[in-house]
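Morning, everyone. One structure today, and I'll keep it quick. Here it is on the screen.

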Amino acid sequence: MTRSLPLSVLTSPPEMSELEEAWELALAEAARRAQAAGRADIARYLDLRAKNDLLRRTAVDWLTASLTSLAGEANRDGAGIRIERQDLHRFRRGSATMVGIQLTLRSGVRALSIETGWPRTPRDGIVHGNGLACANIKHFGRHRSNAELLLVRSANGSPEWFVLEKNGRRSPLTETDVRTHLSILTET
């Protein structure tokens, strides 16, 4: 069954690193000061930024947790996949620098890595295409199987990952897509 994987249902907020938690507190304090100073425009911007950061963290956590869960299922069937995670990973998307997580799944000499993130400072640039975040799915030695993803806010306000196709079109990331990437790693 192919189904779209919107992230509209949250059972609990995603885990935050100490740095992300400090950043969120600093944003909340800045918004409070802006409101007290009569700068409602700045307070609204900071509120939007905090909401977008929550969408980003939720979507990134969901994507990495989905792949980790599928790898765990495969391991229970004897796949022997090793899972590595690197926080504060930096990667390029066009002229912008994204900061986030790199998850690498290894099976023998094969590797599947997914790097997810978004620009954190103005000098990092922007996410093009009206996106909130980006991700790259990379298959070591199988470049044709790689994929670029873009996280956007759907019409109902929830985050949704899209696969960027070569012809410039976007297609929603589906459960089948995620499973296909893992099966490329584990095929014999």
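Start with one pair: Ser 113 sits opposite Lys 138 in strand 4. Before going on, the ground rules. This is a predicted model, where local features need pLDDT of at least 70, side-chain atom pairs count only at pLDDT 80 or more, and totals for chains, interfaces and linings use all residues. Residues are numbered from 1 along each chain as its sequence is written, and side-chain values use heavy atoms, with hydrogens and water left out.

Back to the pair. Strand 3 and strand 4 (residues 133–139) run antiparallel, joined by 6 bridges. Helices (H or I, at least four residues) and strands (E, at least two) are DSSP runs, numbered from the N terminus. Two strands pair if DSSP finds at least two bridges between them.

Now the other neighbour. Strand 2 (residues 96–107) is antiparallel to strand 3 as well, with 9 bridges. Two cross-strand positions to look at: Leu 105 is opposite Leu 112, and Val 99 is opposite Trp 118. Strands 2 and 3 make a hairpin with 2 residues between them. In that turn, Gly 108 has a positive phi of about 65°.

How many residues of strand 3 are buried? The strand covers residues 110–118, and 8 of its 9 residues are buried. Buried means under 20% relative accessible area, exposed over 50%, and partly exposed is in between (1.4 Å probe, protein chains only).

What lies across strand 3? Helix 2 does, at about 170° to it. Helix 3 does too, at about 145°. Axes are lines fitted to C-alpha atoms, for helices over the stretch in contact, and angles run from 0 to 180 degrees between N-to-C directions.

Zoom out to the sheet. It is open, with 7 strands in the order 1-2-3-4-5-6-7 and antiparallel pairing. Strand 1 (82–93) and strand 7 (170–172) are the edges, each pairing on one side only. From one strand to the next, the twist averages 25°.

The whole chain has 3 helices and 7 strands. Along the sequence the pattern reads α-α-β-β-β-β-β-β-β-α. Of its 188 residues, 42% count as buried.

Next, packing. In soluble globular proteins, nonpolar side chains tend to be buried together. Here the largest nonpolar core has 28 residues, and Leu 105, Leu 149, Trp 161 and Leu 182 touch the most other members. Helix 2 (40–76) gives the most, with 8 residues. A nonpolar core is a set of buried Ala, Val, Leu, Ile, Met, Phe, Trp, Tyr and Cys residues joined through side-chain atoms within 4.5 Å.

Which residues does Leu 105 touch? Leaving out residues up to four places away in sequence, the list includes Leu 67, Ala 71, Ile 81, Ile 83, Leu 112, Leu 182 and Leu 185. Contact means heavy atoms within 4.5 Å. Apart from the largest core lies another, of 8 residues, among them Phe 91, Val 127, Leu 150 and Phe 162.

Last stop: Gln 102, in strand 2. Buried or exposed? Gln 102 counts as buried because its relative accessible area is 17%. Beyond four places in sequence, Gln 102 touches Glu 84, Arg 85, Gln 86, His 89, Ser 113, Ile 114 and Glu 115. That list brings us back to Ser 113, where we began.
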